[in-house]
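Work through the exercises below with the sequence and the model side by side. Try each task before reading its solution.

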Amino acid sequence: MNAAIPAGFGPVTADFAVCTAARDRGQRGFSVSVLVCLLIPTMLVCIGLAVDGAAKAAADRSAEAVAAQAARAGMDGAAPALVSGLPPATASQLAISGAQEVLASHPDIEGSVSVGDAMTLEVTTSSTVPTIFLSLAGIDRLTGRGFAAVELRMR
């Protein structure tokens with residue numbers, strides 16, 4: 001049963017076993033590095049969306065709060081004129097000036113005030129925040145918006 005070993009082939013040595021083990025270990029390490037190379041960018045995108053999404057939500061809350069505050073201030077400014085029987089145009093002007101004072105006290109928030117039909121004071125605000133992770137994708141700013149409306153009438 002002792003067959004002749006062809007030329008160039010010798011018995012299996014310890015060097016061959018070491019080379020095979022090193023080659024196998026290198027392939028397994030390569031598969032892990034591909035997995036890591038795919039997971040790390042995916043995780044960074046998810047973290048970026050969470051961070052910048054939270055900043056946008058905070059900008060929305062801030063703009064909404066300032067709009068509500070300005071609408072209340074406008075109503076408070078118009079209330080004495082409405083109670084004393086002054087013309088609606090006077091009450092509207094007092095409401096607009098009261099709301100604009102509040103908007104002026106928040107320089108980081110832009111806004112507009114108007115009196116619509118049926119004596120409704122409408123305040124629209126916006127707040128812009130810079131992005132952290134989305135700036136890598138070319139989105140440098142996110143805008144939060146707010147709106148509030150009150151009716152200028154006697155009850």
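Two exercises follow, after a note on the model.

This is a predicted model, in which local features need pLDDT of at least 70 and side-chain atom pairs count only at pLDDT 80 or more, while totals for chains, interfaces and linings use all residues. Residues are numbered from 1 along each chain as its sequence is written, and side-chain values use heavy atoms, without hydrogens and water.

**Exercise 1.** Describe the surroundings of Thr125.

Step 1. Thr125 belongs to strand 2, residues 120-130 (strands are DSSP runs of E, at least two residues; helices are runs of H or I, at least four; both are numbered from the N terminus).

Step 2. With a relative accessible area of 2%, Thr125 is buried (under 20%; exposed is over 50%, partly exposed in between; 1.4 Å probe, protein chains only).

Step 3. Its contacts (heavy atoms within 4.5 Å), leaving aside neighbours within four places in sequence, include Ala63, Leu103, Ile109 and Gly144. The Thr125 side chain reaches the backbone oxygen of Ala63 at 2.6 Å.

**Exercise 2.** Find which elements give two or more residues to the largest nonpolar core.

Step 1. The core (buried Ala, Val, Leu, Ile, Met, Phe, Trp, Tyr and Cys residues joined through side-chain atoms within 4.5 Å) has 19 residues, and Leu103 is among those that touch the most other members.

Step 2. The elements are helix 1 (14-83), helix 2 (88-104), strand 1 (109-116) and strand 2. Helix 1 gives the largest share, 7 residues.

Step 3. Leu103 touches residues including Val66, Ala70, Val113 and Val123, not counting those up to four places away in sequence.

Methods:
Polar contact = N/O pair within 3.5 Å; in protein donor to acceptor, adjacent residues only side chain to side chain.
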